[in-house]
Amino acid sequence: MNEQIRHGAGTTVALFVTCLVDLFRPSVGFAAVHLLERAGFRVEVPEAQTCCGQPAYNSGDSITAAGLAAQVIRTFSEYDYVVAPSGSCAATIIAHYPDLLRHDPALQAAARDLADRTWELMRFLAEVADLEARDTTFEGSVAYHDSCSGLRELGIREQPRKLLSGVHGLRLHEMEDRDVCCGFGGTFCVKYPEISERMVDDKLDAIRDTGASTLLSGDLGCLLNMAGRMHRRGMQVRAYHVAEVLAGMSDEPAIGEGRKR
Amino acid sequence: MNHAREEILRRVRRALKRDADSVVDPDTARDTAYASERAPRPTWDEKRLQRFTERFEAAAGTWCRVSGPGDISGAAVDFLHGAGLGQKLQLAAHPMLDTLRWPDQFKVACVQRADPGLSVGLSIAEAAIAETGTLVFWSGPRAPATLAFLSEVHIAVLPLEWLVDHMEDVWTLLRKRDGFPPRALNLVTGPSRTADVEQTMQLGAHGPRRLHLILVG
Amino acid sequence: MRSDAHEFKTRARDALRDPQLREALGRARDGFVGKRQKSIDRFPDFDALRERGRRIKNHTLAHLDVYLERFERQVVAAGGTVHWALDEDQARQTVVSICRQAGACRVTKAKTMVGEEVGINAAIEAAGMEAIETDLGEYIIQLAKEPPSHIIAPAVHKTRQQISDLFRDHHHGGDAARALREVPELVDEARAVLRQKFLSADVGITGANFLVAETGSIVLVTNEGNADLTHTLPRVHIAIAGIEKLVPDLDDATDLLRLLGRSATGQDLSAYTTLVTGPRRSDDPDGPEQFHVVLLDNGRSRMLGNRFRDMLRCIRCGACMNHCPVYAAVGGHAYGWVYPGPMGSVLTPLFVGLERTRDLPNACTLNGRCLSVCPVKIPLPDLLRELRGEQNAQRLTPATTRYGLRLWGMFARRPRLYHGVARALVGLLGLLGRRRGRFRRLPLAGAWTSVRDLPAPQGQTFQSAWRAYQRRNER
């Protein structure tokens, strides 16, 4: 029984797409579906989902955030597993919903229940699905950026590295100060663009120093920020969500790259 | 300011949702909260003395070892000679130092308050901590605090049997003594230092530039 | 002290353009982070010690009234005097009146952040006395007439050249003949100048790293030894401390000292850790005739009763700012008051008021590195978010943000509408950005594109692409 659950065996997983993936990079969502299906899970994408509410929560608007949290809780109430290709959104559900909804005991209990069933994608693949990426190839050197929420709120650090170590041809180069924020911070990067610029530039210098030709991360927010700044600086490093590389979907144009005709 | 006292205590109690007559037993609560468990502490494999000297050196202290109190002056003379630090010395008025014999050419003064013009002071530590390489000085007539802080060079003497493992052991040892705590209990780990200019470590900020220890026993 | 926290944005901008500051901050960050890591790597279970620290402070705060009274009794028993100050004004008045009664002309000071908080120096000087900082870093910024930019290393923003220039201007009547380039020369010169001040001071003022209820002692931690000269040489010693500095006993202080040294400077223990209890005893050859402790509330009792109690655990080690990428970018002065970095971004609004500190809780990415190094596990990101909530509730957040969020929230709670509009918008942007793959400029995204390109959406939302994919599979 245990073995069956570990390897999917038709268990249904609900994908929490995240608003950024939905809007900017659906290929990340397909990569997540692909990986989950490869591990033997059946994937559903509830249509009633939009956003986890983090922008409102982090801006101090807990009423709006609580409304969205309640919607997420309702939408995903029937699933054994809820998986999100983002440490930041998963951490909002896992680490913050229960506190956000503390004024409503029934909702708070439901939030705790959802938190117990919710997983960040890399962690789910490494710890529950027991996935190995042995039949995937990626020729090149990569740097991996740990998103802060995933790293510190969910303890995601070794899981993506373990998964990447199975990819043929992929060489991982660790960067200096790898536990330091890239300067995204949601609305922070538009409220304080100049401070964000210094932070992302420090991060890009660390990426450059690894000599890697590709940047990977588990959070699209960080990636949009870093890729956008790399393009502005004319840096020749391509950026992908880690799920895209693991799913063998790196033939897609990288983040911020145009489509060839 | 009496009003302020009552007002602050009233505000604190209100914040803690208590009134002045509430029966509170912080000591039992403290045991339950954490004190009944042993606190995590540094541990080491080497002998106590070795740990101490290793940490003491890491804090930029220098040391030598003699077999008995009679050898303190010889060790101090050797140190001063070797370091080219002259022949003047001020001593704390400690019985252990009373009977020491010094070479004739040495000017040795027994002082109650260090003369800031003189550069070398010698005093006795009351205890030492292996964990951190720390010397403990008990301010008082036998160990003027000024000796340990105004001297350019501070020579300390420590009978080996006063070396303990952890700082808690110092409290256990000294709590039993009359007059504890003294006005100042100085825990000294190496000479004075600063990194306030460009994060560069520089010894001798305000206190001694050098700390030399004579271990006895 | 007056707060300039409302100028955060302009000060941050100036700081970002200051190459000397950048050099100084870079050096400091690398030094502090590396040293701390090395020292905790040698400690068997540092996280367990952090948990211990958290519990010690939580317990003490939960019984603060009892420990305050216990501390007071012990201070009095040791021959000292305890003064209570509700606010900055009372603290200043108390200190000045003690100095006056002592007939003081010259007051030496060892670094005290609470002293900065209440603006002690200005009060002493206004009363016609001289106040001299003796911590080298504090002394440097006193000469520069600047506030500290870091709670452990107040002059961390100054380069050697700037310090050299300051010393040339202020020492020996501005005589410029000496070299004064290397660090030892600078430290030696300050030592010689300050030694004379120490020996001629009438009153010495220190802060307190901890107040020990068991013995009525204050614990003072320095590396320079300046606090010891400050409390030993003058006739009167005044220690000023916030009421949250209490710990039950010496063993508790020991645990917290183990946390403090490692978190602040990567030292197992600072060079000088001193337990000061009362004034000079009858047979003491040195020490002050009077020992005063000023206990300051200044808003702390209010924090004790609200969601910000956790902040009172702070032991002022500076690890949060040493690990904060925003602090590393803008430096301490941008924060505009006594306490910079993450701990300052929580404390300043609570002390100075939300209105004049609007940027502080927001100028943070909530990346949580500060929490991960905090020796007493203060949930700084949560507290900052909590302050954002207060700002929002008091309508201090810009109206566009508030209404924008609410509107977006209403929209996001109508999935069908949301997906329809998203599909249209993403389709348009995908088409516009198809060839280049990114936008250099885009209406309404000016803040984003001011520093970086905006990667273009791929052209379909995941939701619509997924539905289409499923329909294809069903056929």
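## Strands, domains and contacts in a three-chain model

In chain A, strand E1 (residues 12–15) and strand E3 (residues 81–84) pair in the parallel sense over 3 bridges. Two strands count as paired if DSSP finds at least two bridges between them. Helices (H or I, at least four residues) and strands (E, at least two) are DSSP runs, numbered from the N terminus.

This is a predicted model, in which local features need pLDDT of at least 70, side-chain atom pairs count only at pLDDT 80 or more, and totals for chains, interfaces and linings use all residues. Residues are numbered from 1 along each chain as its sequence is written, while chains are lettered from A and ligands numbered from 1 in the order in which they are written. The model scores ipTM 0.96 and pTM 0.96. For chain C the mean pLDDT (the predictor's confidence in each residue, from 0 to 100) is 96, and 100% of its residues reach 70 or more.

### Chain A

Within the pairing of E1(A) and E3(A), A:Val83 is the bridge partner of A:Leu15. E3(A) also pairs with strand E4 (residues 118–120) of chain A, again in the parallel sense and over 3 bridges. There, A:Val82 stands opposite A:Thr118.

Which way do the residues of E3(A) point? A:Tyr81 and A:Val83 point one way, A:Val82 and A:Ala84 point the other way, and all are buried. In a regular strand the side chains alternate between the two faces of the sheet. A residue is buried if 20 or more other C-beta atoms lie within 10 Å of its own, exposed if 12 or fewer, and partly exposed in between; the C-beta atoms are placed from the backbone.

Chain A is divided into domain 1 (2–127) and domain 2 (132–246). The bounds come from an automatic or database domain assignment. The C-alpha centres of the two domains of chain A lie 22 Å apart. Between them, 29 residues of domain 1 are in contact with 22 residues of domain 2. Two residues are in contact if their C-beta atoms, placed from the backbone, lie within 7 Å. On the domain 1 side, the elements that give two or more residues are helices H2 (19–24), H3 (26–38), H4 (54–58), H6 (87–100) and H8 (121–128) of chain A. The residues of that side divide into 17 nonpolar, 8 polar and 4 charged. In this scheme Ala, Val, Leu, Ile, Met, Phe, Trp, Tyr, Cys and Pro count as nonpolar, Asp, Glu, Lys and Arg as charged, and the others, Gly among them, as polar.

A:Arg161 is found in helix H10 (residues 158–165) of chain A. Is A:Arg161 buried, exposed or partly exposed? A:Arg161 is partly exposed, because 16 other C-beta atoms lie within 10 Å. Leaving aside its neighbours within four places in sequence, A:Arg161 is in contact with A:Tyr144 and A:Leu172. A:Tyr144 is 17 residues from A:Arg161 in sequence, and the two are 8.2 Å apart in space, C-alpha to C-alpha.

### Chains B and C

The table sets out some values for these two chains.

| Chain | Helices and strands | C-alpha extent along the principal axes | Buried residues |
|---|---|---|---|
| B | 7 helices, 12 strands | roughly 70 × 45 × 45 Å | 45% of 217 residues |
| C | 22 helices, 12 strands | about 100 × 60 × 45 Å | 60% of 475 residues |

Chain B has a radius of gyration of 22 Å, whereas a compact globule of 217 residues would have one near 17 Å. The radius is taken over C-alpha atoms, and the globule rule is 2.2 Å times the number of residues to the power 0.38. Among contacts in chain B between residues at least 6 apart in sequence, 71% join residues at least 24 apart. In chain C, residues 24 or more positions apart account for 74% of the contacts with a separation of 6 or more.

Chain C is divided into domain 1 (47–302) and domain 2 (415–474). Their C-alpha centres lie 58 Å apart.

### Contacts between chains

The contact between chains C and A takes 53 residues from chain C and 59 residues from chain A. On the chain C side these divide into 24 nonpolar, 17 polar and 12 charged.

The contact between chains C and B takes 78 residues from chain C and 61 residues from chain B. Here the chain C side divides into 37 nonpolar, 23 polar and 18 charged. Strand pairing also crosses between these chains: 5 bridges join strand E9 (residues 184–188) of chain B to strand E9 (residues 272–276) of chain C, and the two run antiparallel. In this pairing, B:Leu187 stands opposite C:Thr273.
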